[in-house]
Amino acid sequence: MPPNIEQPLQLPAEQKQVLNVIVVGFGMTAVSFIDKLVTYDHEKVYQIQVFSKENIVAYNRVGLTQYFGHRKLENQWMQPPEWYEERNVQLHLGESVDQIDTALKKVHTSNFGWVSYDKCVLATGSNAALPPGVPINEMDGIFVYRTIDDLDRMIAWADQPFVKRAAVVGGGLLGLEAARAAKDLGIPHVTIYEKSNRLMARQLDTEASATLVNEIHNMGLKTCIGNCPVNLHGITTAANVNQPTAELPKPHVATMTLDDDRVVEADMVIYSIGIVPNDLLAKLPSSTLDRGARGGFKVNAYMETSAPDVYAIGECASFNDMCYGLVAPCYDMADIVAKNLSLASQADRVKFKGADMSTKLKLLGVQVASFGDCFADEENQESFQPLVYRDPFAGIYKKLIFTKDGKKIVGGILVGDSSDYGKLLSLVKNGLRLKTPPSELILGVQKNEAQGADSLPDDTQICSCNNVTKADIRQVIRQQQCENVNQVKCHSKAGTGCGGCLQQVQEVFEAELKSLGQTVSNSLCRHFKYSRAELFTIGQAKNLKTFDDFVKEASVLVQPRDGDPKIRLDIEDDAVAIGCEICKPTIASILASLWNDHILEDGLQSLQDTNDRYLANIQRGGLYSVVPRIAAGEISPEKLKVIAEVAIQHNLYTKITGAQRIDMMGAQKEELPNIWEKLVDAGFESGHAYGKSLRAVKSCVGTSWCRYGQQDSVGFAIMLENRYKGIRSPHKLKGGVSGCIRECAEARGKDFGCIATDKGYNVYVCGNGGSTPKHAELLVADAPEDMVIKYLDRFLMYYIMTADRLMRTARWLEKLDGGMEYLRKVVLEDHLGIAETLETQMHQLILAYQCEWTTVVKDPKRRAHFQSFANIPGKPPVMIEMIEERGQTRPVNWPKTLPPMEPLPQEEELLTQGSLSWLAVGTVDQFPVESGKTVLIGDVQIAVFRTQGKWYATQNMCPHKRALVLSSGLLGTDVGQSPYVSCPMHKKNFDLASGHVLSDQESYQLSTFEVKVEHNLVHLLVPPMEVLNNTLGSANTVINKSMTPQIKPMASGCSAGGSCGDKSLDW
């Protein structure tokens, strides 16, 4: 124990006079309070210290079940550790407060001793409730569903082969989440036990609960209502885990005795019956803190406890003898305390008035909501009248409760369809008289006539987790000039909690754009009024083979060569297509999905985005990566040796990828054909890591080696990967095949995944990892291999036909009317009568497959495409310093900001001096049409572009990150404007004529050069070599280590709720 003496707060000398706020506890409510106080504390009056029993930063408990999908702690964080550092918040993790002296205003911790405070905020949260006598510490296999540590222990336990039956005790919100967790862990038999007469008794009536139960049963889970375990019985086996070898292992749970004396088997028991406020500090003999009747720190409307300058917020606070377990009222409490601490006048203090317990959730995939007084009709039948809608076929139940005259709605329950929750809740909270008959609030929804977000009042709460109203979102959209929903989430925090409000956030966003005069549509871009799916259908129906074909048949505008725009219907033969960095690669992808021609064919090459254009992913410094296909991760030692030899010869950085492949990074563009020639000769094919296409099909070893294997997962994965390799799609595709239910290949995190059973495979589709992970959903169970292939052919082709640009299968399924049930009808039952067509189209793509790199290395013309310079042979210098790390070379970190580059002298000045001269750089045929090519002059690279019958030239270096890449960028054109180039690194667009960046928020500028063509030679007007080299020379502009401060590694590269760059860069 440390000495029982007071430890002074360690603050910099200039901050000694600030007030010390100690936050006891570190959950979601504590983070909300910290965020609000930092925001409101404009004068920087407060210094915040946090003491937390857990040794990790605060994480999202509302979305705790998501952890089973990604199993990455950083994905659960409310904020990354550096967020607190930036706000000067001192965190003491693994350091709990065990005493509080409210008279001397001090708290005591095990390591710090006594620490003084000016204000103390108790945010200790709650503990999981347990029935008396549950032997959780004496028997293995018994869990509560509360913390990350609980989840980690559940994962370890469920991984044992004998764990086949899970019992979840508690049928409330947390219980159903725990059941989903057990299901996600792959436990075959999961049963939910509830003591009352129905599930979710606080939110649902008997009939609503029965509807929910029916949907739960359809998912393969069982329920046991009104009959709970009263005794647990264990057995001792060698299989018990986590036991020291020197001790006898504890027994693990094996059976349970229920209320009706039945004994049932259970290898795992999860208790989720509620919470108990963590008010231990109020129970100490020396405490002056009053407790509520049901526990918790007793508080008034200002969240003040019975002790001066001590506040309580969140689940540990008892307001009017009520402890709130939902996150929204807890955030309200945090906001009230933070706001009141920041006010200059106490007369302006705000009060907590209780909280609306309305809630909208998605439980086990089922939409559930209750709002207002949802039991008013049962408690007072004379004053209220319910209106009920039932659809047992769709699993929908709705009960809306009205006053007897039908003029006002007072509450309701929704199961299966909660799309109208926001509007109905607003009507209840505002007490508005209805302008339509009550029946329209239900029947109108069934006809898809429900009003959208634009009809909701501004004070409607859209995000209950963060208490964000419609007015808040509208204000953010206007002030921050948001262009997408990710930006709205970042600035408003709406949708960053449970995510259940994202649909409404999207509706508010679209409605606000419309009110600002901006059109919201699903058009591909400003050049095509059709969506990607519509363009696919047009291309298929009209047999379109080129971008020009699409322009003539489907574009909005064309650009005649005389420069005057004409409407598409007035096309002339010499018209030149208007296109951009969006429509060109999208139509290139559609053409590949239709005909599967080589993407570097004439007419297709200039449409490809950077990675496809050079059949490799571009990396920092303009270098490229090489990823050969290793189907299912199976590779011979001989082939491994070839990869090693290639990497050593070309000094490439090597890394094993998550898709069971080997990535070799650091190749220059000129090296790619030579590297791939060696790989092709050794039997490798392109891994298509650069394309929106199938990446890989991951597998475990299955029956080849594993003692648990049910099927040959390696062989089947190889078959699937070789079948679908090279097929272009709206976004990347990933697959997986697991040999048993242990799911080592993570097949349910893929766009399609197969999990072996003793009868065949369970086929799952539409899952993905990444920034928004989602488990795949079951398409069909116990299918033999030939039927799996048939169903996957149909599924993939249907997705390719109908998805929007850059839409993963998971988001596509969410947008698909009817969801998984409808997809099953299309794929399994041939509901649309197109199954044979889908299979035929897939077969044609498979037959048309060619390894793109094999074709390139055998064709001198295509190999020439990878030469850096049009005017001379040779490799360019690498524009970023390479350093050695862990025995390999890599580029130095990019600095956050780069010093501005010196501009070239003004052309007028150079003309006056007579120092400009015309320099021939190559023949016309060396420069491809609608594309760019680099020429080397001294130490300077200049990009020459040939588009719309005109010539342009700019520096090849993008000033943003000084990468020599602009000649590889896509060209965009608009009516009445100069063409522009889109930088392949970060999609910054530059006007080719002026060199200006096409963004109001940035000031980057390119140097431009005049171009003329005489006698079939292309000439550039350039300053003297010395001037060029001093300004744009590679030696003067390389990024080196001295520019980059040594930054400690960060666990997360994106702020919470934010977006990592442009969506178009999502690979």
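Which order do the strands take in the open sheet of 4 strands? That is a good place to start looking, so keep the picture of the model open beside this note.

1. The order is β43-β44-β45-β51, and the pairing is antiparallel. Before going on, remember that this is a predicted model. At the two edges of the sheet you'll find β43 and β51 (1008-1009). Each of these has a single partner strand, so one of its sides is left without a neighbour in the sheet.

2. Now zoom in on one pairing from that sheet. Strand β44 covers residues 940-947, and 7 bridges join it to β43. The two strands run antiparallel. If you want one pair of residues to click on, try Ser-931, whose bridge partner in β44 is Arg-946.

3. Next to consider is Glu-930. It's in the loop between β42 and β43 (931-937). Its phi is near 55°, which is a positive value in a residue other than glycine. Asp-782 also has a phi near 55°, again positive and again not in a glycine. Asp-782, however, has its place in a strand, β39 (residues 777-783). With a relative accessible area of 33%, Asp-782 is partly exposed.

4. There's another open sheet to trace, this one of 3 strands. Its order is β42-β53-β52, with antiparallel pairing. The edge strands, β42 (917-923) and β52 (1011-1014), each pair on one side only. From one strand to the next, the twist averages 35°. Between β52 and β53 (residues 1017-1022) there are 4 bridges, and these strands run antiparallel. Look for Val-1013 here: its bridge partner in β53 is Val-1018.

5. Is strand β23 (residues 366-372) largely enclosed or left open? Of its 7 residues, 5 are buried, so the strand is largely enclosed by the rest of the structure. It is joined by 5 bridges to β26 (residues 409-415), and the two run antiparallel. Phe-371 stands opposite Gly-412 in β26.

6. On to the aromatic rings. The structure holds 18 aromatic pairs. Take Tyr-798 and Trp-812: their ring centres are 5.9 Å apart and their planes are at 70°, so this pair is edge-to-face. An angle over 60 degrees is what earns that label. Tyr-798 lies in helix α23 (residues 785-802) and Trp-812 in helix α24 (residues 809-815), so the pair ties together parts that are 14 residues apart in sequence. Both residues are buried.

7. Trp-812 has a further partner, Tyr-799. Here the centres are 5.4 Å apart and the planes are at 70°, so this pair is edge-to-face as well. It links distant parts of the chain, with Tyr-799 in helix α23 and Trp-812 in helix α24, 13 residues apart. How buried are these two? Tyr-799 has 0% relative accessibility and counts as buried. Trp-812 is buried too, with a relative accessible area of 3%. The cut-off for that word is under 20%.

8. Rings can also join up into a group. Ring pairs link Tyr-614, Tyr-624, Trp-676, Trp-853 and Phe-866 into a cluster. Try picking out these five side chains on your screen.

9. Some rings have a charge for company. The charged end of Arg-349 sits over the ring of Tyr-302, 3.6 Å from its centre. Lys-639 has its charged end over the ring of Phe-684, 5.0 Å from the centre of that ring.

10. Last, the nonpolar cores. Which residues touch the most other members of the largest one? They are Phe-528 and Leu-823, out of 67 residues in that core. Helix α23 gives the largest share, 11 residues. Leaving out residues up to four places away in sequence, Leu-823 touches Val-765, Cys-766, Phe-795, Tyr-798, Trp-812, Leu-813, Leu-816 and Leu-828. You'll recognise Tyr-798 and Trp-812 from the edge-to-face pair above. Apart from this core lies another, of 56 residues, and among them are Trp-83, Val-107, Phe-297 and Ile-336.

Terms used. Residues numbered from 1 in each chain as written. Predicted model: local features only at pLDDT ≥ 70, side-chain atom pairs only at ≥ 80, totals over all residues. Heavy atoms only, no water. Phe/Tyr/Trp six-rings, centres within 6.5 Å; stacked < 30°, edge-to-face > 60°. Buried < 20%, exposed > 50% of the residue type's maximum accessible area, 1.4 Å probe, protein only. Lys NZ or Arg CZ within 6 Å of the ring centre and 35° of its normal. Pairing = 2+ DSSP bridges. Axes fitted to C-alpha atoms, helices over the stretch in contact; angles between N-to-C directions. Core = buried A, V, L, I, M, F, W, Y, C linked by side-chain atoms within 4.5 Å. Contact = heavy atoms within 4.5 Å.
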